[in-house]
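Trainee: I should like to learn how to read the features of a structure, one at a time. May we begin with the place of the ligand?

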Amino acid sequence: MFSQKEGILTVENVPVTEIVSEVGTPVYITSKAQLESNIRAYREAFPNAGILYAVKANNNIALMKIISAQGFGADVFSDGELYLALLAGFRRDKILYNGNSKSIREIEMGIETGVKFSVDSIDELRLISEAAVESGEEVEIAFRVNPDVDPKTHPKIATGLRESKFGIPHGLAADAYKLALKLDGVVPAGIHCHIGSQILSLSPFVHALNKVMDIAVEIEKEGVELEFVDLGGGLGIDYEGKGAPTPSDFAEAILPEFEKRRAELKSDPQLWLEPGRSIVGNTTVLITRVNAVKKGFKHFVAVDAGFNLLIRPAMYNAFHRVAVANKMENRAEETYTIVGPICESGDVLARDRKLPKVEMGDLIAIFDTGAYGFVMSSQYNGRPRCAEVLVSGDRWWVIRERESYGDLIAKQKIPEWLL
Ligand code: LLP
């Protein structure tokens, strides 16, 4: 889906220069065909599972509509994500409202919209029960269980370690279910865990699955009827060109184990997964223009996108492949460090990369930026957010307009005495 023609990077059949000449830079450009291929890979690998797209990875409505049209559910982590998921048309019976700190208002919204909850604490369980009783509803819940499994990923995105803030320690989970069985308004219907993100080794998933299934066996004896076992998201993608497991490898690793363990149960729960990155990550490229090239301690290339638009390198030391989008056929001859325009030394997008000779005005492509890219952007340093574009074949559409200066003060108010 990302190729080149006469030295210009193309997304499907569209040269990025065509988009840039109309929309400007920076701009995130997404390939619809790549997105559909990723969706298909999950569908084929897990024909019987419930796939809940993790909205946090990329909540652009156009992209979410493409995903929801394939019958996916959604993992939402806030009232805002719930609002967006409903707007995008995700199946309500497969929307799971996650979150470790839900306000009563958020809980009421979840109950009103009829979605299921992943409950993170006993306090939250009691709140949901009270609110459900008050509104005369019954809410299906799962507990987010902390399985204490090391996903061998960046510490900031490991979520199922004992010390992580998420979930109920696995040793206390059975008691939580017993309490839920006693409370009105809540029906324990599932069990949920999520061990982390950008996971490249499959054994931690199998490990977590087994820990969760041990609890499933235990709580069934107490009278819980399980409709779903949700293993969360986390499958990594190939940022560095060193390979990554595919959804089909993932299925091969966990499905036999899931079937084996399910046979121990009386109920027949469906396996649920919550992929985010592996659905949208490799669909998108961020195109940014070179404002200056200078030689100092390093050979710096200063571009017009920084951690305001792509925070992953600064926040997790994440690696993203880069290329000179208008010199795709030129030989790599210089080592450059690509930096953004933000007033912080941490604003480095890529370190020490061998690229063709870069000059002012060139376009730098930063690949695999569809997940946790635009969604984590900010207006820091007074920079309006950039545009997003969707490409399909020869055609393309702006799916988010570039913000204006007016957007920098949207919602701000000046007290009368300052006017
Ligand atoms: N389910 C839950 C409960 C989650 O917390 C997450 C991600 C997912 C599913 C989706 O995980 P995925 O399939 O995308 O790995 N900003 C970080 C990643 C944070 C992930 C947070 N939770 C990054 O840019 O690497």
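Trainee: Which pocket does the ligand take up?

Mentor: In this predicted model, the space taken by the ligand is the largest pocket.

Trainee: Which residues come nearest to the ligand?

Mentor: One begins with the shell of residues around the ligand, which here numbers 18. Ser197, Glu274, Arg312, Tyr316 and Tyr372 come nearest. By character, the shell divides into six nonpolar, six polar and six charged residues.

Trainee: How should I read the polar contacts of the ligand?

Mentor: One looks for pairs of N or O atoms within 3.5 Å. An oxygen atom of the ligand has a polar side-chain atom of Ser197 at 2.4 Å. For Glu274, an N or O atom of the side chain lies 2.6 Å from a nitrogen atom of the ligand. The side chain of Arg277 places an N or O atom 2.8 Å from an oxygen atom of the ligand. As for cover, the ligand on its own has 590 Å² of accessible area, and the protein covers 93% of that.

Trainee: Is Thr113 buried or exposed?

Mentor: A residue counts as buried when its relative accessible area is under 20%. Thr113 has 13%, and therefore it is buried. Thr113 belongs to helix α5, residues 104-113. A polar atom of its side chain lies 3.1 Å from the backbone oxygen of Gly110.

Trainee: Why does Val145 count as buried?

Mentor: The same cut-off of 20% applies. Val145 counts as buried because its relative accessibility is 1%. Val145 is part of strand β9, which spans residues 139-146. Sequence and space may also be read together: Val145 and Ala189 are 44 residues apart in sequence, and their C-alpha atoms are 14 Å apart.

Trainee: Where is Asp148, and what is notable about its phi?

Mentor: For the backbone, one reads the sign of the angle and then the residue type. Asp148 has a positive phi of about 55 degrees although it is not a glycine. Asp148 lies in the loop between β9 and β10. Its relative accessible area is 25%, so Asp148 is partly exposed. Asp352 also has a positive phi, of about 50 degrees, and is not a glycine. Asp352, however, is found in strand β18, residues 348-355. With a relative accessible area of 43%, Asp352 is partly exposed.

Trainee: What is the form of the peptide bond from Thr25 to Pro26?

Mentor: Here one reads omega. The bond from Thr25 to Pro26 is cis, with omega near -10 degrees. Pro26 lies in the loop between α1 and β4.

How values were computed: Residues numbered from 1 in each chain as written. Predicted model: local features only at pLDDT ≥ 70, side-chain atom pairs only at ≥ 80, totals over all residues. Heavy atoms only, no water. Near = heavy atom within 4 Å. Polar contact = N/O pair within 3.5 Å; in protein donor to acceptor, adjacent residues only side chain to side chain. Areas by Shrake-Rupley, 256 points an atom, 1.4 Å probe, with all protein chains shown as cover. 1 Å grid on protein atoms, 1.4 Å probe; cavity = no way out; pocket = protein on both sides within 12 Å on 5 of 7 lines; lining within 4 Å. Sits in = over half its atoms within 2 Å of the grid points. Nonpolar A, V, L, I, M, F, W, Y, C, P; charged D, E, K, R; others polar. Helix = DSSP H or I, 4+ residues; strand = E, 2+ residues; numbered from the N terminus. Buried < 20%, exposed > 50% of the residue type's maximum accessible area, 1.4 Å probe, protein only.
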